[in-house]
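User: I would like a close look at one small part of this model, set in the context of other local features. Please take it step by step.

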Amino acid sequence: MDFLSNDKLVIVGAAGMIGSNMAQTAMMMRLTPNICLYDPYAPALEGVAEELYHCAFEGVNLTYTSDIREALTGADYVVSSGGAARKAGMTREDLLKGNAEIAAQFGKDVREYCPDVKHVVVVFNPADITGLITLVYSGLKPSQVSTLAALDSTRLQHELVEYFKIPAARIVNCRTYGGHGEQMAVYASTTMIDDTPLTELIGTQKLPAEDWEAMKVRVIQGGKHIIDLRGRSSFQSPAYLSIEMIAAAMGGKPFTWPVGTYVDNGCFRHIMMAMETTVDSKGVHIHDMKGTPQEQKELEKSYQHLCKLRDEVIEMGVLPKIEQWPSINHNLH
């Protein structure tokens, strides 16, 4: 069976649950024979590599290292889940300071060791902010860095599947935008169920308004619910979706769920947030999106929340002031 590409794919944070699942998924999807696993925690990294060797994936040249220079040198694509995991009682934003510093170093490492990388996907939380920091320090184009945001939209789709007791194929274009966190904007106006707009069902016997509001809360707290059930944060779904994203960037099937991308136009400036996007071999493409006035208000609220987190990181000294960004990354002019 042929591979999608022969390019070097690096999984950062490969000793963790998300990273190890990403590595296995990439090999199962036959993305490339050239996969390098990186993690600073060498014993666990070796354990992950040993398990993957035992899978006997045909034709895969799997390597692993705890030397970031060795890992990133020559990398064509990178997916990073290399931050601290979310624990019970924590929000994604609770991880801000530590993971912001990790993201800053990651961006600098990308710039130094693989400046010709084609695409980078950032998974660790708060992903909008860690992705933004990575972009600033990496020197890459905004279209070359994306963050995992699709998980919120897929959770909305699942909630609708559970509620209406119908296959997911009959539910089209579920969307959440803005932040990948407690302040995300959950849209109804984009979704079609059996060719009927979801907005026409809300407030009827098929979907009373109070049920829709409760559903939105479950979507927003989907990650918390997984922690409550399993005692640890999600790892299977973020691993799969992030590898789908990198597969699209490598020339596979375009990824059409929303991703976090850099936005600097209109009313949204100097921020990474989930938008209506497509990821393909040329990177991230942002498309026009429309919602109801209430949805737009929720999106603006989410944007303001992200700006607050961004400004906190600037106050910490992890990011420079916005006006200084172009001097670090000329693609952010």
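In which sense do β7 and strand β10 pair, and over how many bridges?

Analyst: The model is a predicted one, and what follows should be read with that in mind. Strands β7 and β10, the latter spanning residues 192-193, pair in the antiparallel sense, and two bridges are found between them. Within this pairing, Val172 stands opposite Met192, a residue of β10. In general, the strands of a sheet are joined by backbone hydrogen bonds, and their arrangement may be parallel or antiparallel.

The pair belongs to an open sheet of three strands, whose order is β7-β10-β11 and whose pairing is antiparallel. At the edges of this sheet lie β7, residues 171-172, and β11, residues 196-197, each of which pairs on one side only.

The loops next to these strands deserve attention for their backbone angles. As background, a negative phi is what most residues other than glycine have, and most peptide bonds are trans. Asn173, although not a glycine, has a positive phi of about 70 degrees, and this residue is found in the loop that runs between β7 and β8, the latter covering residues 175-177. With a relative accessibility of 30%, Asn173 counts as partly exposed. Asp194, again a residue other than glycine, has a positive phi near 50 degrees, and Asp194 is located in the loop between β10 and β11. The relative accessibility of Asp194 is 38%, and Asp194 therefore counts as partly exposed.

Further along the chain, Gly203 is placed in the loop between α7 (198-201) and α8 (209-220), where, at 56% relative accessibility, Gly203 counts as exposed. Gly203 and Tyr177 are 26 residues apart along the chain, and 22 Å separates their C-alpha atoms.

Another antiparallel pairing is that of strand β12 (residues 259-265) with β13, and this one runs over six bridges. Thr261 has Met273 of β13 as its bridge partner. The two strands form a hairpin with two residues between them, and in the turn Gly266 has a positive phi of about 60 degrees. As for burial, six of the eight residues of β13, which covers residues 268-275, are buried, so this strand is largely enclosed by the rest of the structure.

The aromatic side chains can be taken next, since a search of the whole structure finds three aromatic pairs. In one of them, Tyr163 and Phe164 have ring centres 5.2 Å apart and ring planes at 75 degrees, and because an angle over 60 degrees counts as edge-to-face, the pair is described in that way. Tyr163 is partly exposed, with a relative accessible area of 28%, whereas Phe164 is buried, with a relative accessible area of 18%. The rings of Phe268 and Tyr303 also form a pair, with centres 5.0 Å apart and planes at 65 degrees, so this pair is edge-to-face too. This pair links distant parts of the chain, for Phe268 lies in strand β13 and Tyr303 in helix α11 (residues 293-316), 35 residues apart. Both partners are buried: Phe268 has a relative accessible area of 7%, and Tyr303 has one of 8%.

Helix α11 also takes part in a helix crossing. Its axis and that of helix α5 (residues 127-138) come within 10 Å and cross at roughly 50 degrees, and the two helices are therefore oblique to each other. The crossing of α5 and α11 is right-handed. Just ahead of α5, Pro126 lies in the loop between β5 (119-122) and that helix, and the peptide bond joining Asn125 to Pro126 is cis, with omega at about -10 degrees.

Two contacts between a charge and a ring complete this account. The charged end of Lys108 sits over the ring of Tyr137, 4.9 Å from the ring centre, while Arg30 lies over the face of Phe3, at 4.0 Å from the centre of that ring.

To return to the part you asked about, β7 and β10 pair in the antiparallel sense over two bridges, and β7 is an edge strand of the sheet, pairing on one side only.

Methods
Residues numbered from 1 in each chain as written. Predicted model: local features only at pLDDT ≥ 70, side-chain atom pairs only at ≥ 80, totals over all residues. Heavy atoms only, no water. Buried < 20%, exposed > 50% of the residue type's maximum accessible area, 1.4 Å probe, protein only. Helix = DSSP H or I, 4+ residues; strand = E, 2+ residues; numbered from the N terminus. Pairing = 2+ DSSP bridges. Phe/Tyr/Trp six-rings, centres within 6.5 Å; stacked < 30°, edge-to-face > 60°. Lys NZ or Arg CZ within 6 Å of the ring centre and 35° of its normal. Axes fitted to C-alpha atoms, helices over the stretch in contact; angles between N-to-C directions. Parallel < 35°, antiparallel > 145°, perpendicular 65-115°, else oblique. Left-handed = near helix turned anticlockwise from the far one by under 90°.
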